[in-house]
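Got your viewer open? Let's take a walk along the chain, one selection at a time.

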Amino acid sequence: MQICRIQIGKLREALDLVWEVFEKYEVPDYEEMGVKTFRHFIEYGNMVEKVRQGEMKFWGCYLNSYLVGVIALREGQHISLLFVRDKFHHLGVAGRLVRLVVDQVAMENPKIRAVTVNSSPYAVGFYKKMGFKALGPEQRADGIRFTSMRLSF
């Protein structure tokens, strides 16, 4: 498997993967408003602007040329999206993606000593295993359920 930056030309493929995995694993835990909020957030037109402006950076994990996982970093240190195709769960893909962005953050700005995430209910256990600590109880905003977490390094 190989991890590389996702450029705008491959962004639609990455967002399709995000929606596919979200629909299967997250939608059952969300109310309708939350699903609409998330769908709007990952809309291609919105996301391509965020990438062009440097607000979002995407990486993909590929098996040959098949995209198996996606991670996006927002505002230089916040994991905004992390999704792995279901048949590749528990194979270390998500962990490799997280370690890559942590290393990127540390390399690009040594003054930043933490990475944050607003974890979905489904992923809290994964982030805890990666060393993230919850910053408080689960919250809801615009129908989205999440737990704010931080990994200090």
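One idea to carry with you: the expected span of a helix is 1.5 Å times one less than its number of residues. Keep in mind, too, that you are looking at a predicted model.

**Stop 1: a helix to try that on.** Select residues 93-108, which make up helix α4. How far apart are the end C-alpha atoms of α4? They are 23 Å apart, and because the 16 residues should span 22 Å at 1.5 Å a residue, the two values agree. Now colour the buried residues of this helix: V93, A94, G95, L97, V98, V101, V102, Q104 and V105. As you look at them, remember that an α-helix has 3.6 residues a turn, so residues three or four places apart point the same way.

**Stop 2: the strands on either side of the helix.** Next, select β4, residues 78-84. Is β4 mostly covered or mostly open? Mostly covered: seven of its seven residues are buried. Add strand β5, residues 114-119, which pairs with β4 in the parallel sense over two bridges. To find a spot where they meet, pick H78 and look for T116 opposite it in β5. Then trace the chain from β4 through α4 to β5: this β-α-β crossover is right-handed.

**Stop 3: the hairpin of β3 and β4.** Keep β4 on screen and bring in β3, residues 66-74. These two strands run antiparallel, joined by six bridges. Click on L73 and you'll find I79 of β4 standing opposite. Together β3 and β4 form a hairpin with three residues between them. Zoom in on E75, which sits in that loop between the strands. Its phi is positive, about 55°, although E75 is not a glycine. Is E75 buried or exposed? With a relative accessible area of 58%, E75 is exposed, since anything over 50% counts as exposed.

**Stop 4: the hairpin of β2 and β3.** Now select β2, residues 56-63. Six of the eight residues in β2 are buried, so this strand is mostly covered. It pairs with β3 in the antiparallel sense, over eight bridges. One bridge to look for links L63 to its partner Y66 in β3. This hairpin has two residues between its strands. Pick N64 in that loop: here is another residue other than glycine with a positive phi, this time near 60°. N64 is exposed, with a relative accessible area of 74%.

**Stop 5: out to β1.** Select residues 2-5, strand β1. Four bridges join β1 to β2, and the two run antiparallel. For a landmark, choose C4, whose bridge partner in β2 is G60. While you have strands on display, it helps to know that in a regular strand the side chains alternate between the two faces of the sheet.

**Last stop: a patch on the surface.** Switch to a surface view and select M1, L63 and Y66. What do these three residues form? They make a nonpolar patch on the surface, with about 260 Å² of accessible area together. You have already met L63 and Y66 as bridge partners. Y66 belongs to strand β3, and its relative accessible area is 35%. Y66 therefore counts as partly exposed, and it can belong to a patch because patch residues need over 30% relative accessible area.

Methods. Residues numbered from 1 in each chain as written. Predicted model: local features only at pLDDT ≥ 70, side-chain atom pairs only at ≥ 80, totals over all residues. Heavy atoms only, no water. Patch = residues over 30% accessible without salt bridge, like charges linked within 9 Å, V, L, I, M, F, W, Y side chains within 5 Å. Areas by Shrake-Rupley, 256 points an atom, 1.4 Å probe, with all protein chains shown as cover. Salt bridge = Lys/Arg side-chain N within 4 Å of Asp/Glu carboxyl O. Buried < 20%, exposed > 50% of the residue type's maximum accessible area, 1.4 Å probe, protein only. Pairing = 2+ DSSP bridges. Right-handed = clockwise from strand over helix to strand, strands pointing away.
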